[in-house]
Amino acid sequence: MRGALLHAAGDGRLDIRDDLTLTPVGPAEVRVRIRATGVCRSDLSVIDGVLPMPLPVVLGHEGAGVVVEAGERVTSLSPGDHVIVNWTPACDDCSNCLAGQPFLCMTYMKDAFGNARFRYGGGTPAYGMAGCGTWAEEIVVPWQGAVRIDPELPFEIAALIGCGVTTGVGAALNTARVRPGSTV
């Protein structure tokens, strides 16, 4: 499988490889074939070393694709479903989720820093950016990290919803508190 791997932050060079493999799909995970991915400022921040990620890392965290495999405990997604990759999925079980603040859930983000889901060069581990790695042809994520969408939605648009659109809308509504009728 092909993907873009970063070995050293700050050198600006990506290693485009065709020998990436994935760890097996766990019981509560899905494998997604990426059909479109974005290039976010966060990706560039990882390349520059401003945003720390474990290395080596397959970049990309906003993407859309098709589920190709679902773990045995996954009941809400099936092969063939079109999905948006969610790089901040909520576990629904931690103290933040139980307190009604799933946007603060760190369960899967912690996993992203400790679980290398890719292998290259005969078995060397590599991480996926923010637990994703959408700059590869396929990824494995927790089932909560794949949100089913209407199959009529173009992948190129869906991919941007995974970060760029939601981050921009969130910043405008929640941080800047822009309201209907405002001029900005």
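1. Let's start with the six-stranded sheet in this predicted model. This sheet is open, has mixed pairing, and its strands come in the order 2-1-5-9-8-3. Here, strands are DSSP runs of E with at least two residues, helices are runs of H or I with at least four, and both are numbered from the N terminus. Two strands count as paired if DSSP finds at least two bridges between them. At the edges you find strand 2 (15–17) and strand 3 (21–22); each has a single partner strand, so one side of each has no neighbour in the sheet.

2. A word on the ground rules. Residues are numbered from 1 along each chain as its sequence is written, side-chain values use heavy atoms, with hydrogens and water left out. Because this is a predicted model, local features need pLDDT of at least 70 and side-chain atom pairs count only at pLDDT 80 or more, while totals for chains, interfaces and linings use all residues.

3. Now walk through that sheet from strand 2. Strand 1 (residues 3–6) runs antiparallel to strand 2, with three bridges joining them, and Ala-4 sits opposite Ile-16. On its other pairing, strand 1 is joined to strand 5 by two bridges, again antiparallel, with Leu-6 facing Val-57. Which way do the residues of strand 1 point? Gly-3 and Leu-5 point one way, Ala-4 and Leu-6 the other way, and all are buried (under 20% relative accessible area with a 1.4 Å probe, protein chains only; over 50% would be exposed, and in between partly exposed). That fits a general pattern: in a regular strand, side chains alternate between the two faces of the sheet.

4. Strand 9 (residues 124–128) is worth a look too. Strand 5 (residues 57–58) runs parallel to strand 9, through two bridges, and Val-58 is opposite Gly-128. Strand 8 (residues 118–120) is antiparallel to strand 9, with three bridges, and Phe-118 stands across from Ala-126. Strands 8 and 9 make a hairpin with three residues between them, and Gly-121 in the turn has a positive phi of about 55 degrees.

5. There's another open sheet, with five strands in the order 10-4-6-7-11 and antiparallel pairing. Its edge strands, 10 (138–142) and 11 (146–148), each pair on one side only. Neighbouring strands in this sheet are turned by 45 degrees against each other on average, direction ignored. (Axes are lines fitted to C-alpha atoms, for helices over the stretch in contact, and angles run from 0 to 180 degrees between N-to-C directions.) Seven bridges join strand 4 (residues 29–37) to strand 6 (residues 63–70), antiparallel, and Thr-37 has Gly-63 as its bridge partner in strand 6.

6. What packs on this sheet? Helix 4 (residues 155–175) does, touching strand 4, strand 6 and strand 7 (82–85), where contact means heavy atoms within 4.5 Å. The direction of helix 4 makes about 95 degrees with that of strand 6. Its buried residues are Phe-155, Ala-158, Ala-159, Gly-162 and Cys-163, and these pack against the three strands just named.

7. Finally, helix 4 has a kink of about 60 degrees centred on Ile-161; the bend is the angle between axes fitted to the seven residues ending there and the seven starting there. Just after helix 4, Arg-177 takes a positive phi of about 55 degrees.
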